[in-house]
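Student: I'd like a close look at one part of this model. Please start from a single residue and work outward from there.

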Amino acid sequence: MKLIKNIIIYGLLGAIQGFSEPIPISSSGHLVIFKSIFKKLGLILPQMNDITFEVIVNTGSLFAIMYYYRQDIKTLFTAFFGYIQKKDQRNYYIKDFRYCILLIVATIPAAIGGYLFNDKIEAAFSDSKLVGCMLLITAIFLLSIHKFGYKGKRSAKNINLFDALRMGIFQLFALLPGISRSGSTLTGGMLGGLSQKAARDFSFFMFMPVSIGAIILKFKDFITSSTLQTLWLPYLIAFIISMLVTYLSIHLLFRLLEKRKQDVYSQIPQVKEIEDEISKVGLEMMKLVLKNPSNKEELSLQAKEKIQTLTILLQ
């Protein structure tokens with residue numbers, strides 16, 4: 001019975017990780033939120049905060065993304081080493097080699113930040129209030145993409161050093177739980193004038209070395225974890241689910257981006273009115289929290305009234 005419970009809980013968390021990794025809603029933030037929910041429901045497991053689980057589900061997502069881009073990865077590897085080893089063919093490999101160099105540049109900010117502030121970043125994963133604040137930043141990123149992000153026309157061959165540095169800095173912010181990595185890097189790329197395809201592909205290529213680096217950084221803790229032997233089956237199932245759901249989620253994200261989300265929004269009447277009302281509700285709730293954070297009853301009552309207003313508007 002206990003084994004089944006473990007499999008269900010870890011399987012659900014693996015699915016949450018898989019779905020939210022490519023989608024710009026922050027996988028780390030949602031894992032923290034759902035762990036907090038499970039804790040409130042009395043379903044939290046002592047081992048759930050163990051670093052082993054984080055490494056396993058992130059590795060599952062990494063494998064899925066690398067599989068999706070397997071042909072491009074092969075091309076980039078061939079170009080990178082071909083440019084170095086075959087001097088007479090450098091003109092042939094130069095474009096893809098340049099792309100690899102820009103990826104390395106874009107990876108540097110998050111690599112340095114992750115190495116220097118690893119302990120503080122891990123501590124942030126236990127602060128659900130911080131996650132809530134960071135999710136607001138992610139929401140701002142998504143809103144900015146929706147409003148201004150589709151004006152860029154530059155393709156992958158036109159990515160420059162400033163694009164790589166800008167997207168790298170945005171990825172550095174995403175080390176905090178609650179800030180979406182894909183959402184922040186897409187914002188940095190698309191608001192900088194890149195097309196959605198150029199920004200999204202570069203964003204996911206940036207994810208690979210950073211994720212590999214994080215796995216290497218935590219590998220010692222992973223192999224010495226006391227939970228690995230006792231929970232290997234739930235971990236394995238979470239890994240598989242995370243990998244499969246991530247792969248499906250990538251397709252969903254790219255479909256939405258290619259359609260510019262117009263079809264999704266057009267299905268809802270009075271879109272502009274709804275957007276304005278959501279923004280108004282968000283500002284009012286923030287003012288209430290800042291004014292009197294200790295009065296939970298008033299905040300709860302106000303929240304219910306705002307939700308009812310939005311519900312009527314959506315009908």
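Which word fits S26, buried or exposed, and what is its relative accessible area?

Tutor: One caution before the answer: this is a predicted model. S26 counts as buried because its relative accessible area is 3%, and the cut-off for buried is under 20%. The residue lies in the loop between α1 and α2. Its backbone deserves a look too. Most residues other than glycine have a negative phi. S26 is not a glycine, yet its phi is positive, at about 75 degrees.

Now look at the two helices on either side of that loop. Helix α1 covers residues 2-20 and helix α2 covers residues 27-40. Two packed helices are described by the angle between their axes and the distance between the axes. For α1 and α2, the angle is about 155 degrees and the axes are 8 Å apart. Angles over 145 degrees count as roughly antiparallel, which means that α1 is roughly antiparallel to α2. Their crossing is right-handed. From α1, the residues that meet α2 are I9, L12, L13, I16, Q17 and S20. Facing them in α2 are S27, H30, L31, F34, K35 and F38. Sorted by class, this contact has seven nonpolar, four polar and one charged residues.

Step back to the whole chain for a moment. The protein chain has 14 helices and zero strands. Of its 315 residues, 43% are buried. Take the contacts between residues at least 6 apart in sequence: 76% of them join residues at least 24 apart.

S26 is one buried residue. For a whole buried helix, go to α9. All told, 10 of the 10 residues of α9 are buried, so the helix is largely enclosed by the rest of the structure. Its buried residues include R181, S184, T187 and M190. Among the elements that cover them are α7 (128-148), α8, α10 and α11 (232-258).

Take α8 from that list. Helix α8 spans residues 161-173, and α9 spans residues 181-190. Their axes come within 8 Å and cross at roughly 155 degrees. That angle makes α8 roughly antiparallel to α9. The crossing is right-handed. R166, M167, F170 and Q171 make the contact from α8. R181, S184, T185, T187, G188 and G189 make it from α9. By class, the contact has two nonpolar, six polar and two charged residues.

R181 sits in α9. This arginine counts as buried because its relative accessibility is 11%. Leave out residues up to four places away in sequence, and R181 touches E21, Q171, A174, S203, F204 and F207. R181 and M206 are 25 residues apart along the chain, and their C-alpha atoms are separated by 9.8 Å.

Past α9 comes S195, in the loop between α9 and α10. S195 has 18% relative accessibility, so it counts as buried. Outside its neighbours up to four places away, S195 touches G152, K153, R154, S155 and M190.

That brings us to α10 and α11. Their axes are 10 Å apart, and they pack at an angle of about 155 degrees. This pair is therefore roughly antiparallel. The crossing of α10 and α11 is right-handed. Q196, R200 and F204 in α10 meet L253, F254, L257 and E258 in α11. Four nonpolar, one polar and two charged residues make up this contact.

Finish with the nonpolar interior. In soluble globular proteins, nonpolar side chains tend to be buried together. The largest nonpolar core here has 48 residues, and Y69, F202 and F205 touch the most other members. Helix α10 (residues 196-223) gives the most to this core, with 10 residues. Y69 is in contact with R200, D201, F204, F205, M208 and F254, leaving aside neighbours within four places in sequence. A second, separate core has five residues, including M134, F141, F170 and A174. F170 also takes part in the contact of α8 with α9, and A174 is touched by R181.

Note on methods: Residues numbered from 1 in each chain as written. Predicted model: local features only at pLDDT ≥ 70, side-chain atom pairs only at ≥ 80, totals over all residues. Heavy atoms only, no water. Core = buried A, V, L, I, M, F, W, Y, C linked by side-chain atoms within 4.5 Å. Buried < 20%, exposed > 50% of the residue type's maximum accessible area, 1.4 Å probe, protein only. Helix = DSSP H or I, 4+ residues; strand = E, 2+ residues; numbered from the N terminus. Contact = heavy atoms within 4.5 Å. Axes fitted to C-alpha atoms, helices over the stretch in contact; angles between N-to-C directions. Parallel < 35°, antiparallel > 145°, perpendicular 65-115°, else oblique. Left-handed = near helix turned anticlockwise from the far one by under 90°. Nonpolar A, V, L, I, M, F, W, Y, C, P; charged D, E, K, R; others polar.
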